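The exercises below are to be worked through with the sequence and the structure at hand. Each one sets a task and is followed by a solution in steps.

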Amino acid sequence: MAHQLPPLRCSRCATEFPVDSLVWLCPCGGVLDVADFGAKLPSRAELATRPATLWRYAESLPVPELAEVSLGEGMTPVVPAVGLPEARVKLEYLSPTLSFKDRGAVMLATLAHLLGVRRLIADSSGNAGTALSAYAARIGVPCEIYVPASTSPGKLGQMRAHGANVHLIEGNREDAARAAKLAAEAPDASYASHMFHPYFLHGTKTFAFELWEQGMPDTVVLPVGHGTLLLGAYLGFRELLAQGLIPKLPTIIGVQSANCAPLATAADAGTPGPATITPVPTKAEGIAIAEPARGEAILAAVADTGGTILGVTDDQVLKARTELAAAGFYVEPTSAVCWAAITAARAATAPTTPSWTTATPHLTTPNLTLALSGAGLKSPN
């Protein structure tokens with residue numbers, strides 16, 4: 001029997017759309033979720049017989065595995081954090097294109113292949129663009145990526161090496177998104193948006209499934225821009241809980257750059273939607289998102305787990321990056337934000353303005369896992 005592609009449903013008005021309509025946003029302005037589709041995880045005994053890729057969870061994914069698309073993504077290792085024995089790091093930067101974005105990109109590329117899409121359009125701060133470029137190359141579909149002109153040369157070079165047509169847009173991340181959306185209005189184009197298309201989140205939810213196999217932590221610390229890893233992880237944890245495979249949700253702590261922190265500001269103020277901010281350039285370019293597409297959902301997800309969202313300064317990020325490299329983990333600055341938050345909390349750093357930089361007790365308790373989301377070679381300076 002052919003794999004059934006689940007439809008999309010508006011989170012605001014509940015209108016449904018077939019996935020082959022290529023709709024990425026409801027006319028009412030609501031973001032879309034995958035309708036009536038949940039996890040069907042096999043037993044641990046069955047999983048032990050399957051390859052160490054995210055496709056081991058095939059029953060829980062919205063698209064079938066296609067050998068001509070997959071790059072062997074998923075099942076990244078979890079190792080102890082040097083100097084903090086009770087903490088562990090999940091090495092997402094060991095994914096095929098060197099970031100966690102491969103988990104979602106393979107979903108969108110597989111979907112595009114199944115639907116016969118002729119051209120892919122996306123906007124990115126770097127890693128989503130590199131992932132989509134690689135998977136577009138795998139399926140032989142032209143790919144255009146719109147990025148801020150300030151994007152790291154390493155990421156630009158990686159996209160171009162995969163054959164993507166890269167458009168450098170003056171301004172910030174939101175300016176790049178507006179340019180991509182305009183280009184995606186062409187009749188032969190599909191907007192392969194990692195923040196809008198919900199199939200992407202069903203790829204990143206495998207991060208949670210893997211932690212279930214590798215050892216479920218009490219607290220998970222994740223970088224947050226558009227929140228595609230955080231929301232995917234939350235989705236996966238909720239599906240595990242619904243099947244009785246975990247007794248409770250782990251606490252999720254999101255981390256932003258203090259220079260661009262609409263969600264940390266909102267969490268600090270206790271408001272349900274992202275704060276309106278004026279972003280300042282940051283070394284953590286991968287999470288420099290002033291207007292997160294699913295901001296309300298991100299805030300609701302962390303609140304549901306008893307977590308919060310914090311901000312860290314560029315000085316803290318660069319210090320954390322140096323410490324991680326000294327422990328053997330060479331990551332881009334965006335990946336270092338989680339370690340920066342943890343070490344600040346452990347050191348009981350005196351609070352600065354704004355107040356979200358204060359320590360949270362969830363970062364000072366045992367059994368904690370953080371994600372290292374992107375490799376250092378993407379942004380070496």
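**Exercise 1.** Locate E210 in this predicted model, and determine whether E210 is buried or exposed and which residues distant in sequence E210 is in contact with.

*Solution.* Begin with the secondary structure: E210 lies in helix α7, which covers residues 206-214. Next consider accessibility, where the relative accessible area of E210 is 0%; because the cut-off for a buried residue is under 20%, E210 counts as buried. Then list the contacts, leaving aside neighbours within four places in sequence: the partners of E210 are L54, Y57, G74, M75, T76, K90 and R103. Finally, compare positions along the chain with positions in space, and note that T53 is 157 residues away from E210 along the chain, while the C-alpha atoms of the two are separated by 9.5 Å.

**Exercise 2.** Establish how many of the nine residues of α7 are buried, and describe the residue by which α7 is followed.

*Solution.* The buried residues of α7 are T206, F207, A208, F209, E210, L211 and W212. Seven of the nine residues are therefore buried, so α7 is largely enclosed by the rest of the structure. After the helix comes G215, and its phi is positive, near 125°.

**Exercise 3.** Examine M75 and L98, and state for each what its phi is and in which loop it is found.

*Solution.* Take M75 to start with, one of the contact partners of E210: its phi is near 50°, which is a positive value in a residue other than glycine, and M75 sits in the loop between α1 (44-47) and β4 (78-81). Turn then to L98, a residue other than glycine whose phi is also positive, near 80°. L98 belongs to the loop between β5 (84-91) and α2 (102-115), and with a relative accessible area of 29% it is partly exposed.

**Exercise 4.** Describe how α2 packs against α3, including the handedness of the crossing and the classes of the residues in contact.

*Solution.* The geometry comes before the residues: the axes of α2 and helix α3 (residues 127-139) come within 9 Å and cross at roughly 35°, and the crossing is right-handed. On the α2 side the contact is made by D102, A105, V106, A109, A112 and H113, and on the α3 side by A131, L132, Y135 and I139. Sorted by class, these residues are eight nonpolar, one polar and one charged.

**Exercise 5.** Carry out the analysis for α3 and α4, and decide what the angle between them says about their relative orientation.

*Solution.* Helix α4 covers residues 153-161, and α3 and α4 pack at an angle of about 15° with their axes 8 Å apart. Because angles under 35 degrees count as roughly parallel, α3 and α4 are roughly parallel to each other. Their crossing is left-handed. In this contact N127, G129, T130 and S133 of α3 meet K155, Q158 and M159 of α4, and by class the residues are one nonpolar, five polar and one charged.

**Exercise 6.** Describe the packing of α8 with α10, giving the angle and the distance between the axes and the handedness.

*Solution.* Helix α8 (residues 228-242) and helix α10 (residues 295-304) have axes 10 Å apart, at an angle of about 45°, and that makes α8 oblique to α10. The crossing of these two helices is left-handed. The residues involved are L230, L231, Y234 and R238 of α8, together with A297, I298, A301, V302 and D304 of α10; seven of them are nonpolar, none is polar and two are charged.

**Exercise 7.** Place T308 in the structure, and identify which residues T308 touches beyond those up to four places away in sequence.

*Solution.* T308 is in strand β12 (residues 308-312). The residues that T308 touches are I252, I253, G254, A267 and V302, and V302 also takes part in the contact of α10 with α8. For a comparison of chain and space, D268 is 40 residues from T308 along the chain, and their C-alpha atoms are separated by 8.3 Å.

**Exercise 8.** Determine how many disulfides the structure holds, and what lies nearest to the sulfur of C13 among the cysteine sulfurs.

*Solution.* The structure holds zero disulfides. For C13, the nearest cysteine sulfur is that of C26, 3.6 Å away; because a disulfide needs sulfur atoms within 2.5 Å, C13 is in no disulfide. C28 is likewise in no disulfide, and the nearest cysteine sulfur to it, that of C10, is 3.5 Å away. As for accessibility, C13 is partly exposed at 38%, and C28 is partly exposed at 32%.

Note on methods: Residues numbered from 1 in each chain as written. Predicted model: local features only at pLDDT ≥ 70, side-chain atom pairs only at ≥ 80, totals over all residues. Heavy atoms only, no water. Helix = DSSP H or I, 4+ residues; strand = E, 2+ residues; numbered from the N terminus. Buried < 20%, exposed > 50% of the residue type's maximum accessible area, 1.4 Å probe, protein only. Contact = heavy atoms within 4.5 Å. Axes fitted to C-alpha atoms, helices over the stretch in contact; angles between N-to-C directions. Parallel < 35°, antiparallel > 145°, perpendicular 65-115°, else oblique. Left-handed = near helix turned anticlockwise from the far one by under 90°. Nonpolar A, V, L, I, M, F, W, Y, C, P; charged D, E, K, R; others polar.
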